[in-house]
Amino acid sequence: MIYTVTFNPSLDYVIHLPRFVPGAINRSGTEHLYPGGKGINVALVLGRLGVPAKMLGFTAGFTGREIERLCRLHGGDCAFLPLPDGNSRINVKISAAEETAVNGLGPAIPAEMLRRLQTQIDALGPRDTLVLAGSIPASLSQDIYKDLLAQTAPKGVRGVVDATGGLLRMVLPYRPFLIKPNREELGELFGKNLEGEDGLLACARILQREGARNILVSLGGDGALLLTEEGQVLRRGAPTGTLVNSVGAGDSMVAGFLAGYDGSGGDYIRALELGLLAGSATAFHDWLATKQDIDTLQARGGSVARA
């Protein structure tokens, strides 16, 4: 079973308008309300690909109840813990000529509630996967991802981490199965501007020596690069299409990778290609891609190309 953790889920209010003018009254053309958070996105796309995934994390107040309602409406399997105080955050996403976002802070997570989450996670075993994705609320220690992998790695739980900076670096000694930095995040880890493949690979190999088993580097419109634990270097270009909304594209790539890897019996090429198809299909739609979106993209000649 795959479990995803979203510490700070959100209610995403997405507004589409032809032009956004700062300092002026702007009127939306269309608007949508979605459950948000990287772990939620991964779980929902996995479900759409026919792979069971359970959502863990915290919700609070009336916004938290709506997040869970929407997750269930979209097929999600929820095991969120309701916090005693506060409200889950609301994020505003403005899609115009450029994308603009205002993200809320979210509620504080008491120590007792964190212990309850750790109890949930303690039930995981060697056939399970734990996906840790996204930022950490200010009320929690930045060691939390490291602590959760320290709790689960000795039991053989497969760890997947999509995070940045120190959150990512600290988990590497626990040999996560997969990490997924994008080009910019990988460069920030090493204080470099990474453009060519040689630089990307050099940095990925350092992270592999530090403990990461597989490193998937998303490159936006340029596709993705995968350094496997077997030493393979796989590079694929992205399918072509019109960018509509980049929110959730990286999370969809993680979901597609896991679905492709498990569904093919551990074929990294299939994992990379399904990851790219899922990520691109989400980027070409208003929200998270459905299986039909992914299948349609592949059928119309959108299958990923060798870069």
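**Enclosed spaces and a covered strand**

Two cavities of 30 Å³ or more are found inside the structure, which is a predicted model. A simple picture helps here: rolling a probe the size of a water molecule over the atoms shows where empty space is left.

The largest cavity holds about 70 Å³ of space. Its lining draws on residues from many parts of the sequence, as the list shows: Asp12, Val14, Tyr34, Pro35, Gly36, Asn41, Lys93, Asn245, Val247, Gly248, Trp287 and Leu288. Two strands, β2 (10-16) and β3 (30-36), each provide at least two of these lining residues. The most comes from β3, which contributes three residues. By residue type, the lining of the largest cavity is made up of six nonpolar, four polar and two charged residues.

The second largest cavity encloses about 40 Å³ of space. Around this cavity stand Phe7, Asn8, Pro9, Phe58, Leu83, Ser88, Pro107, Ile109 and Pro137. Seven residues of this lining are nonpolar and two are polar, with no charged residue among them.

Attention now turns to strand β13, which spans residues 224-227. In a regular strand the side chains alternate between the two faces of the sheet. For β13, both faces are covered: Ala224 and Leu226 are buried on one side, and Leu225 and Leu227 are buried on the other.

What are the partners of β13? On one hand there is strand β12 (residues 214-218), which pairs with β13 in the antiparallel sense over four bridges. Within this pairing, Leu216 has Leu226 of β13 as its bridge partner, and Leu226 is also one of the buried residues just described. Five residues lie between the strands in the hairpin of β12 and β13, where Gly220 adopts a positive phi near 60 degrees.

On the other hand there is strand β14 (residues 233-237), and β13 pairs with β14 in the antiparallel sense, again over four bridges. Here Ala224 finds its bridge partner in Arg236 of β14; Ala224, like Leu226, is buried. The hairpin of β13 and β14 has five residues between the strands, and in this hairpin Gly231 takes a positive phi near 90 degrees.

To bring the strands together, β13 is paired in the antiparallel sense with β12 and with β14, while residues on both of its faces are buried. A glycine with a positive phi can be found in each hairpin: Gly220 in the hairpin of β12 and β13, and Gly231 in the hairpin of β13 and β14.

How values were computed
Residues are numbered from 1 along each chain as its sequence is written. This is a predicted model: local features need pLDDT of at least 70, side-chain atom pairs count only at pLDDT 80 or more; totals for chains, interfaces and linings use all residues. Side-chain values use heavy atoms; hydrogens and water are left out. On a 1 Å grid over the protein atoms alone, a cavity is a set of points where a 1.4 Å probe fits but cannot get out, and a pocket is an open set with protein on both sides within 12 Å along at least five of seven lines; lining residues have an atom within 4 Å of a point. Grid points are joined across faces, edges and corners, and a volume is the space filled by probe spheres set on the points. Ala, Val, Leu, Ile, Met, Phe, Trp, Tyr, Cys and Pro count as nonpolar, Asp, Glu, Lys and Arg as charged, and the others, Gly among them, as polar. Buried means under 20% relative accessible area, exposed over 50%, partly exposed in between (1.4 Å probe, protein chains only). Two strands pair if DSSP finds at least two bridges between them.
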